[in-house]
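I opened my notebook for a friendly look through one structure. Here is what I looked up, entry by entry.

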Amino acid sequence: MNPEMVKKIDAVLDRVKDPESGLSVLHLGLVKRVRFSEAQKKLFIFTDFQSHMPDCKTCVFIAKLVGDNIIRNLAVEFSLEFPELEVEFV
């Protein structure tokens, strides 16, 4: 991946915030890896929300809602930053 693309990806990850802590997705490590397929014109976003799940059974439901919201926000931001690419979350 070229350095300009890496810079844009990091900017997206820094812009999207966890609504509970206010920290960026980049800081929290919720996105483990981003892969670019030039042939498919696609970004693959590898996330890790599972290791951040609380032990409380009731709290897991809330955490999943927050995670879904973060993924929606990431999808919007990646689409704005890379309108020519498809984004897939893995």
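First, a term I need: helices (H or I, at least four residues) and strands (E, at least two) are DSSP runs, numbered from the N terminus. With that, I could place methionine 53 in the loop between E2 and H3.

Ground rules. I noted that this is a predicted model, where local features need pLDDT of at least 70, side-chain atom pairs count only at pLDDT 80 or more, and totals for chains, interfaces and linings use all residues. Residues are numbered from 1 along each chain as its sequence is written, and side-chain values use heavy atoms, with hydrogens and water left out.

Entry on methionine 53. I looked up its contacts (heavy atoms within 4.5 Å). Not counting residues up to four places away in sequence, methionine 53 touches Val60, Ala63 and Lys64. I also checked glycine 67: its C-alpha is 9.6 Å from that of methionine 53, with their positions 14 residues apart in sequence.

Entry on helix H3. Does its length fit its residue count, and what are the two numbers to compare? The expected span is 1.5 Å times one less than the number of residues. The 25 residues of H3 should therefore span 36 Å, and the end C-alpha atoms are 36 Å apart, which agrees.

Next I asked which residues of H3 are buried. Buried means under 20% relative accessible area, exposed over 50%, and partly exposed in between (1.4 Å probe, protein chains only). My list reads Ala63, Val66, Gly67, Ile70, Leu74 and Phe78. The buried residues of H3 pack against H1, helix H2 (25-28), E1, E2 and strand E3 (86-89).

Serine 79 also lies in H3. I put it down as partly exposed because its relative accessibility is 37%.

Entry on the core. A nonpolar core is a set of buried Ala, Val, Leu, Ile, Met, Phe, Trp, Tyr and Cys residues joined through side-chain atoms within 4.5 Å. The largest one here has 18 residues, and Ile9, Val25, Leu43, Ile70, Leu74 and Phe78 touch the most other members. At least two core residues come from each of helix H1 (3-15), strand E1 (31-37), strand E2 (42-47) and helix H3 (57-81). I followed isoleucine 70 further: leaving out residues up to four places away in sequence, its contacts are Val16, Lys17, Asp18, Pro19, Val25, Leu30 and Phe49.
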